Amino acid sequence: MSAPSLRGRLVRIGNQRKPILKPNKPLILANRVGDRRREKGEATCVTEMSVMMACWKKNEFRDDGCRKEIQDFLDCASRAQEAGKMKALQETLGDSRSLPPHKMTKLLQRFPNKSYLN
């Protein structure tokens, strides 16, 4: 799919070499941002889970023969959970460079644009 053409919105004023973009909406910030989810991280413990499931299948879904594989998977899951908690804690303490959408919306609503001043 090709990019949309700007020829209809480009206005050449005065200088023929410098086209100026004529906006179809006013160039002001909105008082809120979209509530989209942040990207999910990569899946963790996939190999441990597949080894555990293969062991279950081999032992006809009995836990007795797969204690080591189950424990390996649970250890990996707990490590991944702790890492996720640490990452969330770092984001709430302000170590990240960007704000989540709900915090950005709160800030924009505290200091709204005054469109009546235009």
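Me: At what angle do α1 and α2 pack, and are they roughly parallel or roughly antiparallel?
Reply: In this predicted model, the axes of α1 and α2 lie 9 Å apart, and the packing angle is about 155 degrees. Angles over 145 degrees count as roughly antiparallel. The two helices, α1 and α2, are therefore roughly antiparallel.

Me: Which hand does the crossing of α1 and α2 have, and which residues make the contact?
Reply: The crossing of α1 and α2 is left-handed. On the α2 side, the contact is made by E69, I70, D72, F73 and C76. On the α1 side, the contributors are E48, M49, V51, M52, C55 and W56.

Me: How do the residues of the contact of α1 with α2 divide into nonpolar, polar and charged?
Reply: Cysteine and tryptophan count as nonpolar here, as do Val, Ile, Met and Phe, while Asp and Glu count as charged. Among the contact residues are C55, W56 and C76, along with E48, E69 and D72. The division is 8 nonpolar, no polar and 3 charged.

Me: How many disulfides are there, and what is the pairing of the bonded cysteines in sequence order?
Reply: A pair of cysteine sulfur atoms within 2.5 Å is taken as a disulfide. C45 and C76 qualify, with an S to S distance of 2.0 Å, and C55 and C66 qualify at 2.1 Å. The count is 2 disulfides, and the pairing is 1-4, 2-3.

Me: Which parts of the chain does the disulfide of C45 and C76 tie together, and how many residues apart are they?
Reply: C45 is joined to C76 by a disulfide. C45 sits in the loop between β2 (20-21) and α1 (46-58), whereas C76 belongs to helix α2 (residues 67-93), so the bond ties together parts separated in sequence by 31 residues.

Me: Where do C55 and C66 lie, and how many residues apart are they?
Reply: C55 and C66 form a disulfide. It links distant parts of the chain, with C55 in helix α1 and C66 in the loop between α1 and α2. Their separation is 11 residues.

Me: Which hand does each disulfide have?
Reply: About the S-S bond of C45 and C76 the torsion is -95 degrees, and that link is left-handed. For C55 and C66 the torsion is about -100 degrees, so that disulfide is left-handed.

Me: Are C55 and C66 buried or exposed?
Reply: The cut-off for buried is under 20% relative accessible area. C55 has 7% relative accessibility, so C55 counts as buried. C66 has a relative accessible area of 0% and is therefore buried.

Note on methods. Residues numbered from 1 in each chain as written. Predicted model: local features only at pLDDT ≥ 70, side-chain atom pairs only at ≥ 80, totals over all residues. Heavy atoms only, no water. Helix = DSSP H or I, 4+ residues; strand = E, 2+ residues; numbered from the N terminus. Buried < 20%, exposed > 50% of the residue type's maximum accessible area, 1.4 Å probe, protein only. Axes fitted to C-alpha atoms, helices over the stretch in contact; angles between N-to-C directions. Parallel < 35°, antiparallel > 145°, perpendicular 65-115°, else oblique. Left-handed = near helix turned anticlockwise from the far one by under 90°. Contact = heavy atoms within 4.5 Å.
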